[in-house]
Amino acid sequence: MIRRLCLSLVAASALSAPAHAFDLNELSKYLTPENIESATKIINNTVQANQVVGPRQEVIMGQNVMATLLGAAPLVKDAALQRYVNQVGTWIASQSAQPQLNWHFGVIDSPNINAFAAPGGYVLITRGLLNQLRSEAELAAILAHEISHVINKDQIEAMKSSNRGAITEELITAVLNHKVQGERLDLAKKATKAATEGLYIKGLSKDTEYAADLNGMLLAARAGYNPYAMVSMLQTLGNVSPSDSAVALFFSTHPSPQDRIDQIDSKIGDQLEAYANGVDNTARFSKIAR
């Protein structure tokens, strides 16, 4: 059952929630031949044998995916901003079906409009997307959507249903056939990069994105936010010109904002109207808004 929370409770809980800010240097230690080789083997085995991926394997996969993404676009150098997004994200995740995950949230320094989730509780949002948002509730909608992907293991299921294993297997074989540390490390990084790009450039299915919107609205409401901020956020994105290069990847990997709004209207309609007076904005959002 969705629990309705007042503004003061949400603010107090979010500010007191444990926040695990991303540390690029900390994550970079996972870019070792052994860890990346392990991650690519997990991906390959999942595709080839339809294996169940356990919690530890999810974390290994998530760490390596995040290290690859952070290698392409580093975190915004703003400790207050990173702490704030972690506070909001951790509070929302604490209301989810997996509050025990060691959730991490971060803002990467990219002008593109996008957000990413990886197995194990890792979520990134771009500076470009954050700059489009008009309220904390819209930020909550984005984070709840990505949290839903993690909870539902959407990225893992996408790997199972695709044929990305062939590329990964070929790269793993190359890694195993090289004895030089430098070459092993380089090929291991390429293996992880190939697996990551294959997933995040192609994107997830439309049905998966629709479901994450709906589940994200329920999760945002449970955390005390106005769930219909998901709609206002999509309306904002819908106003961005498709010719704008900042949204090229986002629009190619997601259903159109209008299609997503139509799905919300048909599946949820006004059923969450009782929770529409949840938190829309806070003073702390205005401090980080640019």
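Visitor: Helices (H or I, at least four residues) and strands (E, at least two) are DSSP runs, numbered from the N terminus. Which helix gives the most to the lining of the second largest cavity?

Guide: Helix H7 does, with three residues. This is a predicted model, where local features need pLDDT of at least 70 and side-chain atom pairs count only at pLDDT 80 or more, while totals for chains, interfaces and linings use all residues. Residues are numbered from 1 along each chain as its sequence is written, and side-chain values use heavy atoms, with hydrogens and water left out.

Visitor: What is a cavity here?

Guide: On a 1 Å grid over the protein atoms alone, it is a set of points where a 1.4 Å probe fits but cannot get out, and lining residues have an atom within 4 Å of a point. Points are joined across faces, edges and corners, and a volume is the space filled by probe spheres set on them.

Visitor: How many cavities of 30 Å³ or more are there?

Guide: Four turn up in a search of the whole structure. The second largest has a volume of about 70 Å³. Its lining includes Ile142, His145, Glu146, Phe250 and Arg260.

Visitor: Changing topic. What order do the strands of the sheet take?

Guide: The order is S1-S3-S2, in an open sheet of three strands with mixed pairing. Strand S1 (104-108) and strand S2 (115-118) are at the edges with a single partner strand each, so one side of each has no neighbour in the sheet. On average, neighbouring strands are turned by 15° against each other, direction ignored. Axes are lines fitted to C-alpha atoms, for helices over the stretch in contact, and angles run from 0 to 180 degrees between N-to-C directions.

Visitor: In which sense do S1 and S3 pair, parallel or antiparallel?

Guide: Parallel: S1 and strand S3 (residues 122-126) are joined over five bridges. Two strands pair if DSSP finds at least two bridges between them. Histidine 104 is opposite tyrosine 122, and valine 107 is opposite isoleucine 125.

Visitor: And what about S2 and S3?

Guide: S2 and S3 run antiparallel over four bridges, with alanine 117 opposite valine 123. They form a hairpin with three residues between them, and glycine 120 in the turn has a positive phi of about 95°.

Visitor: Is S3 enclosed or open to the outside?

Guide: Five of the five residues of S3 are buried (under 20% relative accessible area, 1.4 Å probe, protein chains only), so the strand is largely enclosed by the rest of the structure. Side chains in a regular strand alternate between the two faces of the sheet. Here Tyr122, Leu124 and Thr126 point one way, and Val123 and Ile125 the other.

Visitor: How many salt bridges are there?

Guide: Three, each a side-chain nitrogen of Lys or Arg within 4 Å of a carboxyl oxygen of Asp or Glu. Glutamate 138 meets arginine 134 at 3.3 Å, N to O. Glutamate 136 meets arginine 284 at 2.9 Å, N to O. Glutamate 136 is in H7 and arginine 284 in helix H15 (residues 283-288), so the pair ties together parts 148 residues apart in sequence.

Visitor: What does aspartate 213 bridge to?

Guide: Arginine 260, with the closest N and O atoms 2.8 Å apart. The pair links helix H11 (residues 206-222) and helix H14 (residues 257-267), 47 residues apart. Aspartate 213 is buried at 0% relative accessibility, and arginine 260 is buried at 3%. Leaving out residues up to four places away in sequence, aspartate 213 touches His145, Met230, Leu234, Arg260 and Ile264; contact means heavy atoms within 4.5 Å.

Notes. Buried means under 20% relative accessible area, exposed over 50%, partly exposed in between (1.4 Å probe, protein chains only). On a 1 Å grid over the protein atoms alone, a cavity is a set of points where a 1.4 Å probe fits but cannot get out, and a pocket is an open set with protein on both sides within 12 Å along at least five of seven lines; lining residues have an atom within 4 Å of a point.
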